[in-house]
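Here is a set of exercises to help you find your way around a new structure. Have a go at each task before you read the solution.

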Amino acid sequence: MKNKSRLYAALLFGFVTLALGACEKEEHRQYDLLPAQEEPEMDITSSGTISVNFDNANGASGNEGSLKLVDNDYNSKFLINPYRENLYLQLRFPGGIAVSAYVVASANDAQDRDPKTWDLVGSNDLENWTVIDSKTDYMFTSRLQKARFDIDNSTLYRYYRLNIKAIRGGSGLFQMAEWRLIYDPNRKTD
Ligand SMILES: [Ca+2]
């Protein structure tokens, strides 16, 4: 009886050892078969410094100041009264980076205040600007809407601006909830 128990114990031990060995092998095999992984895209907005040429009456850090454009809170917004036709939003980065997409988000109310026509431009000297993307008569279809635009850009820029050339209401107030810039580390740059 004792010997039988020992035999069972030995068999059980052997089975567990084999099973563990099989698991290890399986794990290695699966690991070897994994395809080369692409790096995930990155939201680089927080690495930049926001500025605008016309800020809210209460300043950049006010309740509806320009800092609200990049606070990653889609319920907070930047607002100016009145809108100015040459309004720009600018993000400055510590070094050149090639942005591959951007997000413009409508605010919580009053769609007449939405941006409608804009250019995304890039520069390295604040004098020469290259148009990277343009939208004309873009209409947000809902409030707090995150509109993403993928762009074909491989050039590194330190400065990005969103030139707000027209608002939906034509005149009046301007408001926007969020502006985000996206970087794809897998994309080849110039
Ligand atoms: Ca915000």
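**Exercise 1: a strand with two partners**

In which sense do β5 and strand β11 (residues 178-183) pair, and over how many bridges?

Solution. Keep in mind that this is a predicted model. Start with β5 and β11: they pair in the antiparallel sense, over five bridges. Next, look at strand β8 (residues 146-150), which pairs with strand β5 (residues 101-105) in the antiparallel sense, over five bridges. Now pick V104 and check both sides: its bridge partner in β11 is W179, and its bridge partner in β8 is A147.

**Exercise 2: build the sheet around β5**

Work out the strand order of the open sheet that holds four strands, then find its edges.

Solution. Take the β5 pairings from before and add β1, which pairs with β11 in the antiparallel sense over two bridges. In that pairing, M42 sits opposite Y183 of β11. Put together, the order reads β1-β11-β5-β8, with antiparallel pairing. At the edges you find β1 (42-43) and β8, each with a single partner strand, so one side of each has no neighbour in the sheet.

**Exercise 3: the five-strand sheet**

Give the order of the open sheet made of five strands, and name its edge strands.

Solution. The order is β2-β4-β9-β6-β7, and the pairing is antiparallel. The edge strands are β2 and β7, each pairing on one side only. Ignoring direction, neighbouring strands in this sheet are turned by 20 degrees against each other on average.

Now zoom in on two pairs. β4 and β9 pair in the antiparallel sense over six bridges, with Q90 opposite R161 in β9. Strand β6 (residues 115-123) and strand β7 (residues 130-135) pair in the antiparallel sense over five bridges, and here D119 has S134 of β7 as its bridge partner. Six residues lie between the strands of the β6 and β7 hairpin, where L126 takes a positive phi near 65 degrees.

**Exercise 4: the nonpolar core**

Which residues have the most contacts inside the largest nonpolar core, and which elements supply it?

Solution. This core has 28 residues, and those with the most contacts inside it are L120, Y160, L162, F174, M176 and W179. Two or more residues come from each of β3 (78-80), β4 (88-97), β5, β6, β9 (157-167), β10 (174-176) and β11. The largest share, five residues, comes from β9. Nonpolar side chains tend to be buried together in soluble globular proteins.

Follow one residue to see how this works. Not counting residues up to four places away in sequence, L120 touches Y102, I132, D133, Y160 and L162.

**Exercise 5: two residues, buried or exposed?**

Decide whether P115 and T45 are buried or exposed.

Solution. Use the cut-off: 20 or more other C-beta atoms within 10 Å makes a residue buried. P115, placed in strand β6, has 25 such atoms within 10 Å, so P115 is buried. T45, in the loop between β1 and β2 (49-52), has 22 other C-beta atoms within 10 Å, so T45 is buried.

Then ask what surrounds them. Leaving aside neighbours within four places in sequence, P115 is in contact with V104, I164, I167 and M176. P115 and I167 are 52 residues apart along the chain, yet their C-alpha atoms are separated by 4.4 Å. With the same neighbours left aside, T45 is in contact with V70, L91, R180 and L181. From T45 to D71, 26 residues apart in sequence, the C-alpha to C-alpha distance is 9.1 Å.

**Exercise 6: step back**

How many helices and strands does the protein chain have, and how confident is the predictor?

Solution. Count one helix and eleven strands; from the N terminus on, they run α-β-β-β-β-β-β-β-β-β-β-β. Of the chain's 190 residues, 25% count as buried. Among contacts between residues at least 6 apart in sequence, 76% join residues at least 24 apart.

For confidence, the average pLDDT is 88, and 83% of the residues score at least 70. Residues 13-23 have a pLDDT below 50, and this stretch has zero contacts in the model beyond near neighbours in sequence.

Technical notes: Residues numbered from 1 in each chain as written. Predicted model: local features only at pLDDT ≥ 70, side-chain atom pairs only at ≥ 80, totals over all residues. Pairing = 2+ DSSP bridges. Buried ≥ 20, exposed ≤ 12 C-beta atoms within 10 Å, placed from the backbone. Contact = placed C-beta atoms within 7 Å. Core = buried A, V, L, I, M, F, W, Y, C linked by C-beta atoms within 7 Å. pLDDT = per-residue confidence, 0-100. Axes fitted to C-alpha atoms, helices over the stretch in contact; angles between N-to-C directions.
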